[in-house]
Amino acid sequence: MNHVSRPSLSIAALLTLIVGCFLIQFTMADEPNSSPKSMDETVSECASACGLPSHVDLGGDQYPVVRTDAEWQDRLTEIQYHVARLQGTERPFANPYHDNKKTGLYRCVGCDTPLFSSTTKFDSGTGWPSFFTPIDKRTLGETRDVSYGMTRVEVHCAVCGSHQGHVFSDGPEPTGLRYCINSASLTFETAESAEAIKKLVEGWYQQAK
Ligand SMILES: [Zn+2]
């Protein structure tokens, strides 16, 4: 009788071995990647890897955040409304963030979407806050602007449509781009470090999911 039960025992042992191998593979695939990252990569990490918040559908015909003109005027100051909603430009140097060297996060004044990080800000000498990249290209829309006899690329918040400024191709490395932004289109939130900015960015991406 003994020799009859042996094959079933061997099959059980084989199954245990197979399941064991799968478990080991699964654990190894889950190992975190510990390669060093630059400050900008740290901040943009979630932005490029995370899905957009559930209220932000960028594939539709209209901006995800829509307000009436009265609501915009109520939410924004006169200069913010003029720049963000009427495609205006504030005066150079006479604006709050052109010389702001603090660490922190710049959000859209119209809807609080995180648009720029202090880790990508540089002194362009123009009198307007300048960055070499946005946090997430999905949330910063571009339009060809032919006003004032010039052809420029206008940039705006892709979530609420608020005008931000223009992007030029004379910026520093690593992108060679200069995002020339109006302080009036931004709010600023100070943070302790690049890691703390990343946490603020992640907070926006993870809302209402
Ligand atoms: Zn916005």
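Let's start at a hairpin: S5 and S6 form one with 6 residues between them, and tyrosine 148 in the turn has a positive phi of about 60 degrees. Helices (H or I, at least four residues) and strands (E, at least two) are DSSP runs, numbered from the N terminus. What you are looking at is a predicted model, in which local features need pLDDT of at least 70 and side-chain atom pairs count only at pLDDT 80 or more, while totals for chains, interfaces and linings use all residues. Residues are numbered from 1 along each chain as its sequence is written.

Back to the hairpin. Strand S5 (residues 140-145) pairs with strand S6 (residues 152-157) in the antiparallel sense, over 6 bridges; two strands count as paired if DSSP finds at least two bridges between them. One pair of partners to look for is glycine 141 with histidine 156 in S6. Strands of a sheet pair through backbone hydrogen bonds, either parallel or antiparallel.

Strand S8 (residues 178-181) is a good next stop. Arg178 and Cys180 point one way from S8, Tyr179 and Ile181 point the other way, and all are buried. A residue is buried if 20 or more other C-beta atoms lie within 10 Å of its own, exposed if 12 or fewer, and partly exposed in between, with C-beta atoms placed from the backbone. In a regular strand the side chains alternate between the two faces of the sheet. S8 is joined to strand S4 (residues 130-131) by 2 bridges, and these strands run antiparallel. S8 also pairs with strand S7 (residues 163-168) in the antiparallel sense, over 4 bridges. Cysteine 180 is the bridge partner of serine 130, and cysteine 180 is also the bridge partner of histidine 166.

S7 leads us to a helix. The buried residues of helix H4 (residues 78-86) are Gln80, Tyr81, Val83, Ala84 and Arg85, and they pack against helix H3 (69-75) and S7. Just after H4, glutamine 87 takes a positive phi of about 60 degrees. Further on, alanine 94 lies in the loop between H4 and S1. Alanine 94 is exposed, because it has 9 other C-beta atoms within 10 Å. Alanine 94 and serine 183 are 89 residues apart in sequence, yet 9.6 Å apart in space, C-alpha to C-alpha.

Beyond that loop comes an open sheet of 3 strands, in the order S2-S1-S9, with antiparallel pairing. Strand S2 (114-117) and strand S9 (186-190) are its edge strands, each pairing on one side only. From one strand to the next, the twist averages 30 degrees. Strand S1 (residues 104-108) is joined to S9 by 5 bridges, and glycine 104 has threonine 190 as its bridge partner in S9.

Now to helix H5 (residues 194-205), which has 12 residues and reaches 17 Å from its first C-alpha to its last, close to the 16 Å expected at 1.5 Å a residue. Ile197, Lys198, Val201, Trp204 and Tyr205 are buried in H5. Seen down the axis of H5, the buried residues fall within an arc of 115 degrees, so they line one face of the helix. The face turned away from the buried side of H5 carries the exposed residues Glu195 and Gly203.

Finally, a word on confidence. The chain averages a pLDDT (the predictor's confidence in each residue, from 0 to 100) of 85, and 79% of the residues score at least 70. Over residues 17-34 the pLDDT is below 50. Where pLDDT is low, the predicted coordinates should not be read in detail.

Key: The expected span of a helix is 1.5 Å times one less than its number of residues. The arc is that of the directions from the helix axis to the C-beta atoms. Axes are lines fitted to C-alpha atoms, for helices over the stretch in contact, and angles run from 0 to 180 degrees between N-to-C directions. Two residues are in contact if their C-beta atoms, placed from the backbone, lie within 7 Å.
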